[in-house]
Amino acid sequence: MTQQSEQRVNQAEDLAVKPGEAFDLPPREAARPVEETERRAQQIIAMGGGDWAEVTARRHAEGDDETMVINMGPQHPSTHGVLRLVLELRGEEVISAQPVVGYLHTGIEKSAEFRPWVQGVTFVTRMDYLSPLFNETAYCLAVEKLLDVGAPPRAQALRVLLMELNRVASHLVWLATTGLELGALSVMLYGFREREEILDILEAVTGLRMNHAWVRPAGVSQDLPDGIEDKIRAFMSDMRGKIDEYETLLTRNPIWLERTKGVGYLTPERLVELGVTGPMLRASGLDFDLRKAEPYCGYEQYDFEVPTATGSDAYARYQVRIAEMRESLKIVEQVLDSLPGGPVMLDDPKIGWPARLALGPDGLGNSPEHVRHIMGESMEALIHHFKMVTGGFKVPAGEVYVSVESPRGELGYHVVSDGGNLPYRVHVRDPSFVNLQAVPDMVTGGLIADVIAALSSVDPVLGGVDR
């Protein structure tokens, strides 16, 4: 072994960290003073589809001919979707930045207004495609609030079970893609490897890996299959050790620290002004989490902590998400230990439909028993089935706002009913859309290389942004 190699080995041993070990590291100096951040926050650039050249023209008119404007995206592997960043640069320094969205627009909100209430689930689950179960749950909670009904206790517990598994899967994608962008290629492979195990579990329960449409108004579409609880417990036991490995690889890794410490810094006050929620907000020391602040689906029954950090930079957001995965596993274990019995759909045939579904060799559909009943035993049941499928149920007139804590922050549904069988209005407060407002403040004054780490720390999903 050469002397240089021996020095690197000794340095790695000094930086080694035991899994879960707490530590304090001196913060790297922020990209620019807080006063500069606040000053630039007052400068608003209205950016349209193709007028970015006006930014350069304005600089040149001011006598500054050393700046240039470039597009990062919309087809760029580090923009986490079809996002366009208009960057004004002076050499390697970012002078200004502006996110431009809309390239992935799907019209999901408007489409949901032209379908019966139950069918709306199949639209909203496709917004944030990394955490579809949260959209399904938030939408159904809003419909249930309008109906003034609640899902049975077992259905509520199953919602929590799958949402927390989905939270871990979403954070794994964040860890994997961030690792890839910052050079930690092994972490990318490990993150997707563990996510595949969660998707296998979700597929066994719902019939699909993603876009499940499993959560329905007044319950869930079907119960857990036989043997899945043992599979979940085995995964949790294995996953705890995998999280330890992630921390061993990254938490004191010199390159990881250099790329994330002090990058994307924002003050807690500025985060609140921008409406930022989720891990970004909690990484600044504010412990706002809707599962604690406004519990839903029985979250008040479970013992878990709200992880926070104080760095308010890309590294602190990494710390928070790692800790959140551990807390989600704790919640999943508690749900399995206390899973109540009973039905998974409200026992009201005028609302609780479809409640007779089952997974078959060709996917999710009506159970053989239900088909036998409506096709061979009861004409009235067949008529009711036809009316429910084609027209759905009516929801009393009203207006509600319901929010849940998604992996990216507050996911809210503003739903309006005019008393018919279709929603009058469905509007979504998607956390990725709101949190993207922070990107210009995070990257201005820093280096172009830090744009990648800062944007990744937001964890945006453009399916929710361009809904």
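In what sense do strand 8 and strand 9 pair, and over how many bridges? In this predicted model, strand 8 (residues 398-406) pairs with strand 9 in the antiparallel sense. The pairing extends over nine bridges. A hairpin of two residues links strand 8 to strand 9. Within this pairing, Glu-405 has Glu-410 of strand 9 as its bridge partner.

Strand 9 also pairs with strand 10 (residues 425-429). These strands run antiparallel and are joined by five bridges. Here Gly-412 is matched with Arg-429 of strand 10. Strand 9 covers residues 409-417, and eight of its nine residues are buried. The strand is therefore largely enclosed by the rest of the structure.

Helix 7 spans residues 153-181. Of its 29 residues, 27 are buried, so this helix too is largely enclosed by the rest of the structure. Its length was compared with expectation. At 1.5 Å a residue, helix 7 should span 42 Å. The C-alpha atoms at its ends are 42 Å apart, which agrees. Just after helix 7, Gly-183 adopts a positive phi of about 100°.

Arg-321 lies in helix 14 (residues 314-337). Arg-321 is buried yet forms no salt bridge. The nearest side chain of opposite charge belongs to Asp-459, at 4.2 Å. A salt bridge requires a separation within 4 Å, so this pair does not count as one. Asp-459 is nevertheless among the contacts of Arg-321. Beyond neighbours within four places in sequence, Arg-321 also touches Ser-457 and Val-458. His-171, Trp-174 and Pro-279 complete the set of contacts.

The cysteines were examined next. The count of disulfides is zero. The sulfur of Cys-140 has its closest cysteine sulfur in Cys-297, 9.6 Å away. That distance is too far for a bond, because a disulfide needs sulfur atoms within 2.5 Å. Cys-297 is likewise in no disulfide, and its nearest cysteine sulfur is that of Cys-140. Both residues are buried by the 20% cut-off. Cys-140 has a relative accessible area of 0%. For Cys-297 the relative accessible area is 7%.

Methods: Residues numbered from 1 in each chain as written. Predicted model: local features only at pLDDT ≥ 70, side-chain atom pairs only at ≥ 80, totals over all residues. Heavy atoms only, no water. Buried < 20%, exposed > 50% of the residue type's maximum accessible area, 1.4 Å probe, protein only. Helix = DSSP H or I, 4+ residues; strand = E, 2+ residues; numbered from the N terminus. Lys, Arg positive; Asp, Glu negative; His and termini not counted. Contact = heavy atoms within 4.5 Å. Expected span 1.5 Å × (residues − 1). Pairing = 2+ DSSP bridges.
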